[in-house]
Amino acid sequence: MITVNKTAAQKFKELVAQHENPDRQMLRIYFGGFGWGGPQLSLALDESQNEEDMVVESNDVKVVFSKNLQGHVKNVVIDYMDKWYSRGFRLLGASTGSCL
């Protein structure tokens, strides 16, 4: 189950409001390559979905990802961090490797 927390949902809505087609915008989780700890997942804005994609909705935000990533996105929380040292969306709880 993928969850978009309230902070991330609010920031997503603020971000997509600037786009030409805000109702078509989704968050895409995709395979971003391998790091020291294994596969890394990343986020991007997307307007389309492919046949092999799955779509879930949380807090009125559509999240799309490839069926191949199903095992890696279990219990993922999409969060938005707004600190002086880091600002942006992040994935919490992704079943990928970690060096930490």
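**Entry 1. Burial and overall dimensions**

I began with burial in this predicted model: 33% of the 100 residues of the protein count as buried. I then looked up the exposed surface, which comes to about 6,600 Å². Carbon and sulfur atoms supply 48% of that area.

I next checked the radius of gyration. For 100 residues a compact globule would have a value near 13 Å, and the protein, with 13 Å, agrees with this. I noted the span of the C-alpha trace along the principal axes as about 40 × 40 × 20 Å.

I also looked up how far apart in sequence the contacting residues lie. Among contacts with a separation of 6 or more, 50% are accounted for by residues 24 or more positions apart.

**Entry 2. Order of elements**

I counted 1 helix and 7 strands in the protein. Read from the N terminus, I recorded the elements as β-α-β-β-β-β-β-β.

**Entry 3. The sheet of β1, β6 and β7**

Which strands form the open sheet, and in what order? I found 3 strands, arranged β1-β6-β7, with mixed pairing. The edge strands are β1 (3–4) and β7 (86–92), each of which pairs on one side only.

I then followed β1 to its partner. Strand β6 covers residues 77–83, runs parallel to β1 and is joined to β1 by 2 bridges. Within this pair I located valine 4 opposite isoleucine 78 of β6. For my own reference, I note that strands of a sheet pair through backbone hydrogen bonds, either parallel or antiparallel.

I placed the helix last. Helix α1, residues 6–16, lies across β1, β6 and β7. I recorded its direction as about 75° to β6.

**Entry 4. Glutamine 25**

I turned to one residue outside these elements: glutamine 25 sits in the loop between α1 and β2 (26–35). Is glutamine 25 buried or exposed? Its relative accessible area is 6%, and the cut-off for burial is under 20%. I therefore entered glutamine 25 as buried.

I then asked which residues glutamine 25 is in contact with, leaving aside its neighbours within four places in sequence. I listed Phe12, Val16, His19, Leu45, Asp46 and Glu47. Of these, Phe12 and Val16 fall within the residue range of α1, 6–16.

I examined the side chain separately. The side chain of glutamine 25 makes a polar contact with the side chain of glutamate 47, at 2.7 Å. I closed the entry with glutamine 25 recorded as a buried loop residue whose side chain has a polar contact to glutamate 47.

Terms used:
Residues are numbered from 1 along each chain as its sequence is written. This is a predicted model: local features need pLDDT of at least 70, side-chain atom pairs count only at pLDDT 80 or more; totals for chains, interfaces and linings use all residues. Side-chain values use heavy atoms; hydrogens and water are left out. Two strands pair if DSSP finds at least two bridges between them. Helices (H or I, at least four residues) and strands (E, at least two) are DSSP runs, numbered from the N terminus. Contact means heavy atoms within 4.5 Å. Axes are lines fitted to C-alpha atoms, for helices over the stretch in contact, and angles run from 0 to 180 degrees between N-to-C directions. The radius of gyration is taken over C-alpha atoms; the globule rule is 2.2 Å times the number of residues to the power 0.38. Buried means under 20% relative accessible area, exposed over 50%, partly exposed in between (1.4 Å probe, protein chains only). Accessible areas come from the Shrake-Rupley method with a 1.4 Å probe; for residues, only the protein chains shown count as cover. A polar contact is a pair of N or O atoms within 3.5 Å; within protein, one must be able to donate a hydrogen and the other to accept it, and residues adjacent in sequence count only if both atoms are side-chain atoms.
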